[in-house]
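Q: Hi, have you got a minute to go through this one with me? I'd like to start with the strands.
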Amino acid sequence: MNKTKSSWKDGIQTFGRSLLLPIALLAPIGMVMGICSAMTQSYMIAKFPFLGNEIVKLIFSSLQTITNIVFNNIPLLFAMGVAQGMAKKEKGIAVFAATVGYLTLNVVMSVYLKATGTLADPAVAAQVGQGTVLGIQTLKIEAMGGLIAGLVAAKVADKFYRLELPLAFAFFGEKKSIPIITFACMIPIGLVVPIIWNALTSFLISISFIFTTPYIGSAIYYALNRALIPFGLHHVLASLVRFTEAGGTYMINGQEFVGILNATNEILFNLGPDSEYWSQLMPILTSYLGGAQMLTTLFRVPAIGLAMYHTAYAKNKKIAKGVILTCCLTAFLGNITEPLEFSFLFISPALFVLYCVMCGIGLLPYQLFHICIGYIRGTIFDFGIFGLLYEHTQWIYLVLLGAVNFVVFYFVFKWFIVKFGLETPGREEFEVEESASQLLKEKNWPAIAALVVEGLGGKENIVNVENCISRLRVDLKDPKKVDQVKIKDSGCAGIFFPSEKHIHVVFGPHVEFVRHAVDDLLKK
């Protein structure tokens, strides 16, 4: 029982860490995209005329287009990252198979929608959770689609990488079978997913009346919005309140406006802060839009990041700081919270649920303070434009409410991380001190590899070598031949046997360099 529990925990942690590769890509590119997006907005150009220069506009708009390609394909990146991280055998083929699987999933879902007559008109596709993915109009299940494809490909790779077929079909056996089997597996999955997604979409529509409840409606909406991010259904929810009766119907100067965003556009850009509708409606409308989001991007995310940094092990803080800071800046500058949210979502789903509930509760006082700040996005740039430069926004109350959220989120996350021993950035099961080994300090990877191989009992005693984010994972023929003293001379941070013939040698962030050197030595 304990072995099963430990194996399950290791699997969850490996899965969470496999997301670090795409997250590491999203964070810095997200910052660039956020800045470029802000610099090309009409309101920014109006306030800072130099941004209207044709050359400046071309530079920012071009960079925005280039960086957008990454964020438009987050699910595909997750598919490849999960396959690479979870597969134990033939990682490269698993990544290729995950790409095949993700493409197959999307086109099968599209075929299902067409066959059942539920393929929506492109103009209203977002309202029912559909959109264009890699040129295919299909269900926009976002990150979940990539995760499914990546997990299936990894599982197939580990199980069928040595598949033997009859002579006539031998060419398609072994590792060549991995993408083929993944393709076949994704067809039934692609037929089942739309059924589940349609049921969830119908459920969201059926409860949408709750979101217009005074004061608490926006809090419920925002908590659910956060909870639906991993599944891609937050787009459906946002479209419902922004463009349909689910967001309310508003009479403004005798004209009817349906949905949150349509009413906001009329007041914010046509009537302005001196209109009577500003004080009447803007506190309600913005609690579903940028004002609510600013509480997360400008206050909650930095609080969570600080809690992660303060709970990181002392010797890992330097490494953790760069990851955490980049994730926080991505939200602060670019309104992209996923890199930080995904850093703890899969490590502790319970903490993510708590986070969603806290986001809803933290929004409750928003309308009571008559805050009228923000548009769609929640960046520091939007705070400056729609908060500081517009009149009657009550921005000071957003700051005060944000400060309270900051304190609450910081202490709750700090307590939860320590209480349940979560391996958030900087809390991995190793502590690295380069001064512990002259070889590590000199980055003498060949010499380190030689000590490791000798300590493991020589080349002939090593069956297989893999690595995760911090450790060499080695299968052995005879564990009795291991010389732990010799291995420790290499400067490793720890050695342990999770099973009789399987050893872990901890090198922390240096592990990939050591792994490559060990591979080179074993090939000689």
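A: Happy to! One term up front: strands here are DSSP runs of E, at least two residues long, numbered from the N terminus. Also keep in mind that this is a predicted model.

Q: Good. So what joins β7 to β8?
A: A hairpin does, going through 2 residues.

Q: And how many bridges are there between β7 and β8?
A: There are 4 bridges, and β7 runs antiparallel to β8, which covers residues 502-506. Ser-499 has His-502 in β8 as its bridge partner, while Gly-494 stands opposite Val-506 in β8.

Q: Which order do the strands of that sheet have?
A: The order is β5-β6-β8-β7, an open sheet of 4 strands with antiparallel pairing.

Q: Which strands stand at the edges?
A: Those are β5 (462-467) and β7 (494-499). Each has a single partner strand, so one side of each is left without a neighbour in the sheet. On average, neighbouring strands of this sheet are turned by 25° against each other, direction ignored.

Q: Which strands does helix α22 lie across?
A: Helix α22 (residues 511-523) lies across β5 and β6 (471-476), and runs at about 155° to β5.

Q: Changing topic: where is Ser-208?
A: Ser-208 sits in the loop between α8 (177-206) and α9 (216-227).

Q: Is Ser-208 buried or exposed?
A: Buried, because its relative accessibility is 10% and the cut-off for buried is under 20%.

Q: And how far apart in space are Ser-208 and Leu-237?
A: They are 8.4 Å apart, C-alpha to C-alpha, with their positions 29 residues apart in sequence numbering.

Definitions and conventions. Residues numbered from 1 in each chain as written. Predicted model: local features only at pLDDT ≥ 70, side-chain atom pairs only at ≥ 80, totals over all residues. Heavy atoms only, no water. Pairing = 2+ DSSP bridges. Axes fitted to C-alpha atoms, helices over the stretch in contact; angles between N-to-C directions. Contact = heavy atoms within 4.5 Å. Buried < 20%, exposed > 50% of the residue type's maximum accessible area, 1.4 Å probe, protein only.
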